[in-house]
Amino acid sequence: CFFIAKDGATTVRVSFKDYSFFVPTDISGRDVTLVGELKQVELSEKQAAHLEADLGSAKAEISPGPQFEIVATAVRVPRG
């Protein structure tokens, strides 16, 4: 229900407005274009642990504290 986008040292969690669409799971390393609302949220330890568990084998570390997230209304993933 979300993915982690990185640009250099900047990381943002991307979810999908109203869960109305999703992106392929094999887009790692691709440049994507995101449209949506960027906001900073405060994650509790419990929320961070839950999100980390949702990632499963992706092994991204999600720490409690301030985080950036985008609730995307559109995501453009280039072919290939």
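Which residues make up the largest nonpolar core? In this predicted model, that core has 10 residues in all, namely F3, A5, V12, V14, F16, V23, I27, I70, A72 and V75. Three strands, β1 (2-7), β2 (10-16) and β4 (65-76), each put in at least two residues. Apart from this core lies another one, with six residues, including L43, A48, L51 and I62. As a bit of background, nonpolar side chains tend to be buried together in soluble globular proteins.

V75, a member of the largest core, gives a feel for the contacts. Leaving aside residues up to four places away in sequence, V75 touches F16, F21, V23, V32, T33 and L34. Two of the names on that list, F16 and V23, also belong to the largest core.

L43, from the other core, sits in strand β3. With a relative accessible area of 8%, L43 is buried. Its contacts, again not counting residues up to four places away in sequence, are R13, L51, I62, S63, P64, G65 and Q67. Of these, L51 and I62 are listed alongside L43 in the six-residue core. L43 is also 41 residues from F2 in sequence, and the C-alpha atoms of the two are 15 Å apart in space.

Now for the sheet. Four strands form an open sheet in the order β1-β2-β4-β3, and the pairing is mixed. β1 and β3 (33-43) take the edges with a single partner strand each, so one side of each has no neighbour in the sheet. On average, and with direction ignored, neighbouring strands are turned by 35° against each other. In general, the strands of a sheet pair through backbone hydrogen bonds, either parallel or antiparallel.

Both senses turn up here. β3 and β4 are antiparallel and pair over 11 bridges. Within that pairing, Q40 stands opposite F68 in β4, and E42 has P66 of β4 as its bridge partner. β2 and β4, by contrast, run parallel and are joined by four bridges. S15 stands opposite V71 in β4.

What about charged side chains? A search of the whole structure turns up two salt bridges. One of them pairs R13 with E69, with the closest N and O atoms 2.8 Å apart. R13 belongs to strand β2 and E69 to strand β4, so this pair ties together parts that are 56 residues apart in sequence. R13 counts as buried, at 14% relative accessibility, and E69 is buried too, with a relative accessible area of 11%. Both values fall under the 20% limit for a buried residue.

The side chains of K39 and E69 also meet in a salt bridge, at 3.7 Å from N to O. This pair links distant parts of the chain, with K39 in strand β3 and E69 in strand β4, 30 residues apart. K39 counts as partly exposed, at 34% relative accessibility. Put together, R13, K39 and E69 are linked in a network of salt bridges. R13 comes up again among the contacts of L43.

The loop between β2 and β3 has some backbone angles worth a look. D18, placed in that loop, has a phi near 55°, a positive value in a residue other than glycine. Y19 has its place in the loop between β2 and β3 as well, and its phi is positive at about 50° although Y19 is not a glycine. For context, most residues other than glycine have a negative phi. Are these two residues buried or exposed? D18 counts as exposed at 65% relative accessibility, and Y19 counts as exposed at 54%.

Finally, a word on confidence. The protein averages a pLDDT of 88, and 95% of the residues score at least 70. Confidence is highest in β3, at a mean of 95, and lowest in β1, at 88. β3 is the strand that holds L43 and K39, while β1 is one of the strands that supply at least two residues of the largest core.

Methods: Residues are numbered from 1 along each chain as its sequence is written. This is a predicted model: local features need pLDDT of at least 70, side-chain atom pairs count only at pLDDT 80 or more; totals for chains, interfaces and linings use all residues. Side-chain values use heavy atoms; hydrogens and water are left out. A nonpolar core is a set of buried Ala, Val, Leu, Ile, Met, Phe, Trp, Tyr and Cys residues joined through side-chain atoms within 4.5 Å. Buried means under 20% relative accessible area, exposed over 50%, partly exposed in between (1.4 Å probe, protein chains only). Contact means heavy atoms within 4.5 Å. Two strands pair if DSSP finds at least two bridges between them. Axes are lines fitted to C-alpha atoms, for helices over the stretch in contact, and angles run from 0 to 180 degrees between N-to-C directions. A salt bridge is a side-chain nitrogen of Lys or Arg within 4 Å of a carboxyl oxygen of Asp or Glu. pLDDT is the predictor's confidence in each residue, from 0 to 100.
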